[in-house]
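User: I'm new to this structure and would like a close look at one buried spot and whatever surrounds it. Could you walk me through it in plain words?

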Amino acid sequence: MERFWVRTGARLHLGQFDLNGSAGRLYGGAGLAIDQPYLELAAEKSDEFLIISTDKEEKARAEKIAREYLRHYHLPGIKINLAQTLPSHSGLGSGTQLCLALGFAISRVYGLACPLHELAEITDRESSRSGIGVAAFKQGGLLVDGGKSVQAVAENSFKIPPLVARLAFPPEWSILVALPRGQEKLFGSAEKKVFQALEPMTEQMSGAICRLVLMKLLPALCEEDLATFGEGINEIQSYLGDYFTPVQGGRYASPTGADLADFWLRLGVAGVGQSSWGPAVYGFITKKNEESFLQQTREFLGGGEPVFVAKGRNRGASWGWS
C-alpha cells in the first residue's frame, strides 16, 4: 500500500507587535521557518488506528490530533509512522507543524483536497494569536502576519491572521539555536491565563516595535544587511523582554537563556532573542562563522544543553508518495 510522507521544519517566533489593540487589531508578529530540527511522518490507509513512534509524549499528542481529523472527516482509520519529531513546547512551533502535517497526510491519503486553513481550524491551533505556523508550513521564509481584529479576539472566533509580508531568508546567513533545560514550559490554558493577566502594551511600545519591523528589520533583510537586521532584532527583543518580564521573571524565561544571550552578543552574534516563550534562544550569524561560534557556544554551555546551527527554510513542507 502506498504511503504519503510529509516533512516540515521548525519555526522561530521573533515577537508580537501589538498587545495594545487601540488601532483595532491585536497581536501581529514575525517568524522564520528553519530547516532544523524537523518533523517527518508517513501515513497510509487502514481500517485500524495506529500511531508508531519512539517518543511517547509526541505519540500521545499525535493520537489525539489524528482522532480529531478522523472524526471530522468520518474516516475509518489511519496508520501513522512518526519517523522524526520536533521538541515539544520549546518555542519551535511543534504543535502547529504536527497538526498540519497529520491533517495534510491523512486528508491526502484519503483523496481529500483540504485547504490548510480548514485543517488548522479543525485542531484550533491558530485561532488565538499567530498565523506564522500555517504560513511557515505553506511557504516558508521570513513571515509577518497582521494579527486579529479586536472584535474577533473578543468573540474568540477562528480566523488565521493575514500574512502581510513574506521575504526569502538569505542563504549566506545562519541561525544559532539553543534549548536551555530546566525551564517550566508555558502553553495551553496556562499561556492563555498569562496573556489575560498582562497589562495592555503601551501605544508607544507597540508603535516602536512596528516601526522597527517596517523601517529596519524588513529593509535590512531585503538588502541582506545582517548588522542592521541584528540591531532590529535586539531592539525588538528588548521591548518584548521588558513587557513579558512580570510573567517570565526577566527578559528571558530562563537564567541560562539570559546568560547565553549576553555571551552571544559579546561574541559578535548579530541579533539575539527568545522564540515565543522559549526555552529556545536564537542568534543570527554568517555562514563563515558557523563552526567557530557553535564550538564556543558548546564550551560556554559546558556540553549540557542542545545547541545547533539552522538555515532559513524558504519553501513550505515537502511531501510525496513512497
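Analyst: Let's start with Val 144 and its company: setting aside neighbours within four places in sequence, Val 144 is in contact with Phe 17, Gly 29, Ala 30, Ile 132, Pro 162, Leu 163, Val 164, Ala 165 and Leu 218. Keep in mind that this is a predicted model. Val 144 sits in strand E5, which covers residues 142–145. Is Val 144 buried or exposed? Its relative accessibility is 5%, so Val 144 counts as buried.

Some of those partners lead us onward. Phe 17, for one, is in contact with Val 144, and Phe 17 is also touched by Ser 206. Leaving out residues up to four places away in sequence, Ser 206 touches Asp 18 and Met 201 as well. Ser 206 belongs to helix H7, residues 203–222, and with 4% relative accessibility it counts as buried. Leu 218 is another partner of Val 144, and helix H7 runs over residues 203–222, so we can follow that helix next.

Helix H7 has a packing partner, helix H8 (residues 226–248). Two packed helices are described by the angle between their axes and the distance between the axes. For H7 and H8, the axes come within 8 Å and cross at roughly 160 degrees. An angle over 145 degrees counts as roughly antiparallel, so that is how H7 and H8 lie to each other. Their crossing is left-handed. On the H7 side, the contact is made by Met 205, Ala 208, Ile 209, Leu 212, Val 213, Lys 216, Leu 217, Ala 220 and Leu 221. On the H8 side, the residues involved include Thr 228, Phe 229, Ile 233, Ile 236, Tyr 239, Leu 240 and Tyr 243.

Thr 228 also gives us a handy ruler back to the starting point. Val 144 and Thr 228 are 84 residues apart along the chain, and their C-alpha atoms are separated by 18 Å.

UniProt has a label for this stretch of chain too: an unreviewed entry places the feature "domain: GHMP kinase C-terminal" at residues 217–294. In the model, that span is 60% helix and 13% strand, and its end C-alpha atoms lie 24 Å apart.

Further along there is another helix pair, H9 (residues 255–267) and H10 (residues 290–301). Their axes are 11 Å apart, and the packing angle is about 140 degrees. That makes H9 oblique to H10, and H9 passes H10 in a right-handed crossing. From H9, the contact is made by Thr 256, Asp 259, Leu 260, Phe 263, Trp 264 and Leu 267. From H10, the matching residues are Phe 293, Gln 296, Thr 297, Phe 300 and Leu 301.

The loop between strands E9 (271–274) and E10 (281–286) deserves a stop. Pro 279 is found there, and the peptide bond from Gly 278 to Pro 279 is cis, with omega near 5 degrees. Ser 276 is in that loop as well. Its phi is near 55 degrees, a positive value in a residue other than glycine. What makes these details worth a look? Most residues other than glycine have a negative phi, and most peptide bonds are trans. Ser 276 is partly exposed, with a relative accessible area of 32%.

Similar details turn up elsewhere. A cis peptide bond joins Gln 36 and Pro 37, with omega about -10 degrees, and Pro 37 is in strand E2, residues 25–45. Asn 156 has a phi near 55 degrees, again positive in a residue other than glycine. Asn 156 is in the loop between helix H5 (150–155) and strand E7 (163–167), and at 64% relative accessible area it is exposed.

To finish, here is another buried serine. Ser 88 is in the loop between strand E4 (78–84) and helix H2 (94–109), and its 9% relative accessibility means that it counts as buried. The side chain of Ser 88 makes a polar contact with the side chain of Glu 57, at 3.0 Å. The axes of helix H1 (residues 56–73) and H2 come within 10 Å and cross at roughly 45 degrees. That makes H1 oblique to H2, and the crossing is right-handed. Among the residues that meet there are Ala 62, Ile 65 and Tyr 69 in H1 and Leu 98, Leu 102 and Ile 106 in H2.

Methods
Residues numbered from 1 in each chain as written. Predicted model: local features only at pLDDT ≥ 70, side-chain atom pairs only at ≥ 80, totals over all residues. Heavy atoms only, no water. UniProt positions renumbered as here; feature names shortened; annotations may be inferred. Helix = DSSP H or I, 4+ residues; strand = E, 2+ residues; numbered from the N terminus. Buried < 20%, exposed > 50% of the residue type's maximum accessible area, 1.4 Å probe, protein only. Polar contact = N/O pair within 3.5 Å; in protein donor to acceptor, adjacent residues only side chain to side chain. Axes fitted to C-alpha atoms, helices over the stretch in contact; angles between N-to-C directions. Parallel < 35°, antiparallel > 145°, perpendicular 65-115°, else oblique. Left-handed = near helix turned anticlockwise from the far one by under 90°. Contact = heavy atoms within 4.5 Å.
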